[in-house]
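Please take a careful look at the structure below. The questions that follow ask why certain labels apply to it.

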Amino acid sequence: MASEAVSEAVSAFESEFVAVRRHEGGVAELVLDRPKAMNAVSTAMARDIGAACAALAADRSVRVVVLSSTAERAFCVGADLKERNSLSDAELVRQRPTTRGAYGGVLELPMPTVAAVHGFALGGGFELALACDVIVADETAVVGLPEVSVGVIPGGGGTQLLPRRVGAARAAELIFTARRVEAAEALALGMVDSVVPAGQDTAEALALASRMAANSPVGLRAAKRALRLGHGMDLAAGLEIEDAAWRTVAFSGDRAEGVAAFNEKRRPNWPGE
């Protein structure tokens, strides 16, 4: 259940297909809001996602972002194939930077991110979740990357992000078969990180985000940077990346406040710098 600290949201960003809701404690909720199309990502929706991510990335008051959905039956069903069917080759080429901006916008958010997944999260929809640091799914979730079944490949980061979660051979099997995976198996395979009762994905994701956001904003961003940049590096290179991230926090106001609060046996009041 979400804590009282995140129980009241204030809308801070509105567009046609995306909203950003502010919660207490530095948590922001990036809401996919095209329910009639089960959040199929059209060009306009991709543009909205990219714009929302740019606004969140620039806001130092945001400590953690939860990616959620207003659609009852789906987190996101992926690309809007009806729109795609109407595009010429030249139009598809022109659309590509916009769609990449949406998936890259989520992936490149500098603060921790948590996806709240229910129902269908397929193709680009699952790629939006994969772009987050942690995926909370409810027991209705069905995830997968079925793009080869319609003659394309995962193009929102799936061929790179899924192997980092489940390993190269397992990712190959999932992508090449285009199969859909239900919540329990997805958890066992590592495609999602937790499974909660039906309808509780957003509440649980917000509660998790609230626990994260209680910590140093400077520390959270630096830790994420070290985790992301160090992944796949050899140990020596990874430790250098970690050391560089450590140096950005070691002399920060957050570090001074954290140490003082610990010694004074009180909660820290993070300056965020």
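**Salt bridges, burial and helix crossings**

Q: What makes the pair Glu257 and Arg266 a salt bridge?
A: The closest N and O atoms of Glu257 and Arg266 are 2.6 Å apart, and a salt bridge is defined as a side-chain nitrogen of Lys or Arg within 4 Å of a carboxyl oxygen of Asp or Glu, so the pair meets the rule. This is a predicted model, in which local features need pLDDT of at least 70 and side-chain atom pairs count only at pLDDT 80 or more, while totals for chains, interfaces and linings use all residues. Residues are numbered from 1 along each chain as its sequence is written, and side-chain values use heavy atoms, with hydrogens and water left out.

Q: Why is Glu257 called buried or exposed, and how is Arg266 classed?
A: Glu257 has 14% relative accessibility and therefore counts as buried, since buried means under 20% relative accessible area, exposed over 50%, and partly exposed in between (1.4 Å probe, protein chains only). Arg266, at 36%, counts as partly exposed.

Q: Which residues are joined into one network by salt bridges that share partners?
A: The network consists of Arg170, Glu173, Arg179 and Glu185. Within it, Arg179 forms a salt bridge with Glu173, the closest N and O atoms being 2.8 Å apart. Arg179 is partly exposed at 24% relative accessible area, and Glu173 is likewise partly exposed at 26%.

Q: How many salt bridges does this rule give?
A: The count comes to eleven salt bridges. One further pair is Asp243 and Arg247, whose side chains meet with an N to O distance of 2.8 Å. Because they are four residues apart in helix α10, Asp243 and Arg247 are separated by about one helical turn; helices here are DSSP runs (H or I, at least four residues), as strands are (E, at least two), numbered from the N terminus.

Q: Why are α9 and α10 called roughly antiparallel?
A: The axes of α9 (residues 217-230) and α10 (residues 235-250) come within 9 Å and cross at roughly 170 degrees. Axes are lines fitted to C-alpha atoms, for helices over the stretch in contact, and angles run from 0 to 180 degrees between N-to-C directions. Angles under 35 degrees count as roughly parallel, over 145 as roughly antiparallel, 65 to 115 as roughly perpendicular and the rest as oblique, so this pair is roughly antiparallel.

Q: What makes the relation of α5 to α6 oblique?
A: The axes of α5 (residues 158-166) and α6 (residues 168-177) come within 7 Å and cross at roughly 130 degrees, a value that lies in none of the named ranges, and the two helices are therefore oblique to each other. The contact, meaning heavy atoms within 4.5 Å, is made by residues including Leu162 and Pro163 of α5 and Leu174 and Ile175 of α6.

Q: How do you know whether Val114 is buried or exposed?
A: Val114 has a relative accessible area of 0% and is therefore buried. This residue is found in strand β6 (residues 113-117). Leaving aside residues up to four places away in sequence, Val114 touches Val64, Val65, Val66, Leu67, Cys132, Val134, Val136, Ala205, Leu208 and Met212.
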